Every structure is written in structure tokens, then in C-alpha cells.
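This briefing goes through the architecture of the model shown below, beginning with a helix and the sheet beside it. Interchain contacts, a second sheet and salt bridges follow as separate topics.

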Amino acid sequence: MNTVVIPVATQMLFHNHLRFAMTVIGIAIAFFLAAAQIGLLVGWINTNSAIIRHAGVDIWVMAEETRAFDYGTAIPRHRVQQVSSVPGVVWAEGMLMGWATWQHPAGKRINVEIVGLDSSHAGGPWQLISGHIDNIEQPETVIIDELSYDVLGLRELGDEAEIEGNRVILGGVSRGVRTFTAAPFVFTSIENALKYSPYYKDEEIAFVLAKVEPGVDPGVIRDRIAREVANVEVLTTAEFAERSVKYWMLETGVGITVIITAALGLLVGAVIMSQTLFAITQDHLGNYATLLALGFHQKTLRRIVLTQSLSLGGLGIITGSILFILACNASASTPIPLETTPLVSTGLVVFSLLCCIAASWFSIRAIFKLDPVMVFHG
Amino acid sequence: MKSIMTCKGIAKSYGTGDIVELVLKRVDLEFFEGQASVLVGPSGSGKTTLLSILGCLLAPSEGQLLIADDTVNFSDKSSLTEVRRQKLGFIFQHAQLLPFLTIEENLAIVGRNAGMQDDDIKQRLDGLLHRLELKAMRYKHPAQLSGGQRQRVAIARALLHRPSIVLADEPTAALDWNTGKTVVELLLEQARMEKAVLVVVTHDTRMLPLFDRILSIADGILSEQAQTAAAENIFYTQP
């Protein structure tokens, strides 16, 4: 059957080179728009939970009802010792997360997120391109990301600025630590952070990060900590990352907006394909009637239309994917990266192909209505 | 002679209630192996309607069509398609080749659709293209061929899968006299060689002497004319 369907379907498409090319380009752009929107969403999700996922711990302990990493609030620092003493916990240390105002050397003021790290620096930057993580133990010394050079006005180690009227010295530069909130992360020690964060008193932190014994289910230890430590909420790393992502994506409406835009992109692609396929089918109704008269089954003709739809869709998706990969590479070192995962990519391709199949419905309906006797009437 | 196709009391009417137009009135007809018939009549007389019924493209209002002793079930579209696929070959007024396929591809897809093996298709295609003097056109597209060449390709397409019946609707209408005559002669020659029943609808009465049998239709009533008398009466238009 394919020896009939494929040559007829493809040659019919290629017969009008210009329309074929324009359709593929249209679908490619629509697919790229959808992929870019979803890539933006994935990039944001990854950015949003990056510090949580890179911290290398299993359990996060925080104030009750903490909505996201960026909204950590004060808990007593001695919670670290309490968590450490829970059976199954190998080690635990604190982390401070607070908002502060950064005074740019040129005079402008910028909101920043101060991340205060404990002695092992859990939750700190995972890649440094200059300086050393131990530098944050020095008074007034911080690490910023290279993406924040211009925003914060520091570039060379030793450069100075101010936070809340206190001097800061650049002690290191990280790579790939993006912020979702537009307020750059500034890493330092808990002791330094307490000076810069007006909302924390001495001996307060925002989170306790705990590592559990190898082979032990973090969920079991989470429940144990929750029973033994009062007035805190305990989440596994996966749960906290999911909560942070859900907060930004769903509760703030950002994610819904992006998903709607992605869906619109796919809809535009489906409409372009549907219109083009229908036009091609209408142009070739006489040929389809001839094929019917010659003894070709309706199902063969439907397969021809579906093959055309999948060919156009497939080529459009391949072209759109190439554009998307180029865009991902180009955006990799920007504050707003386009990213994807194998699951998301597969899902998008499958969904796009389903849109292509749906787009062929009007054409298939036109063929259903076709009466082969029309071949005898010119 | 072996009977290939039989019409038993076939009639066709359009409309319902008081507004019924009877376009074909009780046709009883039998077609034999290798027999070439021509169907003539004025416009609107029912020629195309009868051809459409013979081609299993249109259901009769009354009567039966038998092909190789099997009654055609007009209520089953799938079985109608099967009959057309296996037993019928068509030649249309404007050839109606698929413009986006080469001549070879236009022919090959009919063979593949009929379930022929690739080797058989190739052998058959080579033979037909040779006999119809189309070998040089094999890889060309229909738009690159003249009207006569296109109709020769249509003849090859109609015969490729060895149908027992070939139906042609005004195959020379778009051709000049000489080209048309050549096409009809080729069609007759090839159909006879294949022992296929050939039914040709034409307005061109000059073609009538070429056929074994002349069927005339007027106001939906079919009659058969003696070949000699018809030729004598009608052949006056021969230039």
C-alpha cells in the first residue's frame, strides 16, 4: 500500500515547490514559537529550583508555609543542631536567604537576594570562574554570578560596592547561577549575610539543609525531623523544588501565561497546516476522484492526506527544532535561557504531530464527500 | 463467445415524488469477451449515465449488473471499489493523468493498487509503452506530452492491470480527427489483443465503422444498430 501512498502523497506535495516550502516554513516557525515558550518555561523552572537542586542535600527544613526558596523566613539557628541530632541525619547546616538593597558603584540601587552559607557552603554556587568559595568567610566578601556583572557594577576581584550601607568586596564569580526574580543572588557567609539582611536577627537563619545516611529514604527522615523539631516545615529536596516551581509557575500566573502562549503557537501551526492541506486537497479533488474511479479505496486516499500532513508536520518540526536548538545555544549564557528535557521535547513533538493529524480532518472530510462519477463530467 | 458483462433491466431516474426524470429506461444488454462496442447518442440521452453504471460508479434505480456472472452490489462501496480495481479500466475525456507523477509512475500506481508484483508491473509497463510508442515519454510528466500522447498513456493505464472490461468516455473529444482516429485504432487493437470488453462513448460518428457493435441511445432508450447500415448511414462525415 505504501508503494502507492508515499509516491502519490509526496509528489503531490512537491509539485508546487513554493507552496510546499512556505508551508514547511510556517509550521517550523509555529513549532519554534511553541518550543521557545515551553523552553522558556523549562528554563525558568530550572532557574527557579537551581539552588535547591544543586545544594547536594536531601532535606530542607524551613519556617511553616514557606512558599518558595526566595521567600525563606527566619527560624532559630539552633534548629541546625536539633536536625543534626535526628537519627539518620549525617550532617546539617544552616542557610540564610534574605532580600537587601545593593548600592551600585554608579549610584543606582538594586534589590538582591543574599544567600548566607554555613561552614560547608551547602547551597552555594556550583561553578566558580574566579576566586574561591572559602573567600566568603572573609568579612564583607561576597560571590556574584558573571550574569550580574553589569547589574551589580562589579567585575574584578576586590571591586567594592555597598549593601544596606555596608561595604562588600567581590571575592569570587560564579557561572550559571541565574535568578528567577530579577534580583541577583549574592553569596556570602551566614555571619556576613546577617549584617546585610535587615529582616534577620542574630542567630537566625532561613533553612536547615540536611544530608541523610546513604540508602535511607529521605521521606522517612523528613517525617522523623518533622516529629522531633517544632514549628518548622520539613520537605525533601524534590518536594521543595516542586513547591518553589509551582509557586512561581502556577500561583503567580507566569506559567499559565507561558503555557497559553505555547498553545497559541501550536494552534497557529495547526491552522497554517490545515489551510494549506485543505487548499492542496481542493486543488487535487479531480485527481482524487480519478483515483477513486480507478479503484483506489477511500482509505488509501485518506492515507495520502495523512502522509502529506505528517510529511509537512515532520519537516516543519525538524526545521523548527533546529531553530530551537540554535536559540537554546544562543541563550545559554543569558539570564533567560531556553532549555528542555527529553520528556518535554518528546511530548511537544508528539503533540505537534497530533495537531498535524487533526489539521488534516477538513481535507479528509472533503475526500469523504467526493463522488468518483464526477470524472465523467470533466 | 464468453459473456463478461450483462445488464438486466437497468433503469436510472433522478428526483423524487412527482418530479422524477427517467434518464435510462430498462436496458438489457450483454457484452462478450474481446467485443468492442460504441455508444452514441445526442447530449443528455443517457450515455454517460449508462457508462457510469457499467463502471460501477453510479447505482441504477432498477435492474442488475452482472460482471463475470457475479451480481454487482451497488450498496457496498467497498465491493464496488474492488470491482473497479480488479476488473475495470477507464479512459476519460481528458486522460486525467496525475500531473505530478511521471508517465511511468502514473501507470505503476495502478498496477500496485491492483496488487500486481513489481516484476509483473515492469514487464507489463515495458510492453504497453512499446506497443503504444511511448517509451521515450516514460520519465516525462503529463504536461510535457501532446493530447494524443496523453490519451495513449491513458490507454496503457486502462489496460495495465489486465481488466476484463475497458470503458472510455469520449476519448477523442479533445483531439483532432487524425490523432483521435489513431488513438481509437490503438485502443481497439490493444483491447482486442487483451480480449477485453471495450465500451466507448463518442459523439464522433466517423469512428463507428471501427467498432464491432453500435449501441445508440436516445431519450434513455437503448437500441442496437446493424454495423453495416450504421456505417453507411453515418459515415458520411468521413473527410
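In this predicted model, helix α6 of chain B, which covers residues 177-194, lies across the four strands β3 (36-40), β6, β7 and β8 of chain B. The direction of helix α6(B) makes an angle of about 155° with that of β8(B). The strands that helix α6(B) crosses are part of an open sheet of six strands, described under the next heading together with a further helix that packs on the sheet.

**The six-stranded sheet of chain B**

- Read across the sheet, the strands of chain B follow the order β6-β7-β8-β3-β9-β10, and their pairing is mixed.
- The edges are taken by β6 (88-91) and β10 (221-225) of chain B, and because each of these has a single partner strand, one side of each is left without a neighbour in the sheet.
- On average, and with direction ignored, neighbouring strands of this sheet are turned by 20° against each other.
- Within the sheet, β7 (residues 165-169) and β8 (residues 197-201) of chain B pair in the parallel sense over five bridges, and one such pairing sets B:Ile165 against its bridge partner B:Val197 in β8(B).
- Helix α2 of chain B, residues 77-87, also packs on this sheet, where it touches β6 and β7 of chain B, and its direction is at about 80° to that of β6(B).

**The contact between chain B and chain A**

- On the side of chain B, 25 residues are in contact with 23 residues of chain A, and the area buried between the two chains is about 2,400 Å², with carbon and sulfur atoms giving 66% of it.
- Three residues, B:Leu57, B:Phe100 and B:Asn113, supply 26% of the area that chain B buries against chain A, which is more than any other three residues supply.
- Between chain B and chain A there are zero salt bridges, whereas six residue pairs, with both residues at pLDDT 80 or more, are in polar contact.
- The elements of chain B that give two or more residues to the side touching chain A are α1 (47-54), α2 and α3 (103-113), and the residues of that side divide into 12 nonpolar, six polar and seven charged.

**The four-stranded sheet of chain B**

- A further open sheet in chain B consists of four strands in the order β2-β1-β4-β5, and here the pairing is antiparallel.
- Strands β2 (21-32) and β5 (70-71) of chain B stand at the edges with a single partner strand each, so one side of each is left without a neighbour in the sheet.
- Strand β1 (residues 3-14) of chain B is joined to β4 (residues 62-67) of chain B by five bridges in an antiparallel arrangement, with B:Ala11 standing opposite B:Glu62 in β4(B).
- Eight bridges join β1(B) to β2(B), again running antiparallel, and B:Cys7 stands opposite B:Leu29 in β2(B).
- The hairpin of β1(B) and β2(B) has six residues between the strands, and in this hairpin B:Gly15 takes a positive phi near 95°.

**Salt bridges**

- Over all chains, a search of the whole structure finds 25 salt bridges, including one in which the side chains of A:Asp283 and A:Arg19 meet at 2.8 Å, N to O.
- Since A:Asp283 lies in helix α9 (residues 254-283) of chain A and A:Arg19 in helix α2 (residues 17-48) of chain A, the pair ties together parts that are 264 residues apart in sequence.

Terms used:
Residues are numbered from 1 along each chain as its sequence is written. Chains are lettered from A and ligands numbered from 1 in the order in which they are written. This is a predicted model: local features need pLDDT of at least 70, side-chain atom pairs count only at pLDDT 80 or more; totals for chains, interfaces and linings use all residues. Side-chain values use heavy atoms; hydrogens and water are left out. Two strands pair if DSSP finds at least two bridges between them. Axes are lines fitted to C-alpha atoms, for helices over the stretch in contact, and angles run from 0 to 180 degrees between N-to-C directions. Contact means heavy atoms within 4.5 Å. Buried area is the accessible area (1.4 Å probe) that two parts lose on being put together, summed over both. A salt bridge is a side-chain nitrogen of Lys or Arg within 4 Å of a carboxyl oxygen of Asp or Glu. A polar contact is a pair of N or O atoms within 3.5 Å; within protein, one must be able to donate a hydrogen and the other to accept it, and residues adjacent in sequence count only if both atoms are side-chain atoms. Ala, Val, Leu, Ile, Met, Phe, Trp, Tyr, Cys and Pro count as nonpolar, Asp, Glu, Lys and Arg as charged, and the others, Gly among them, as polar.
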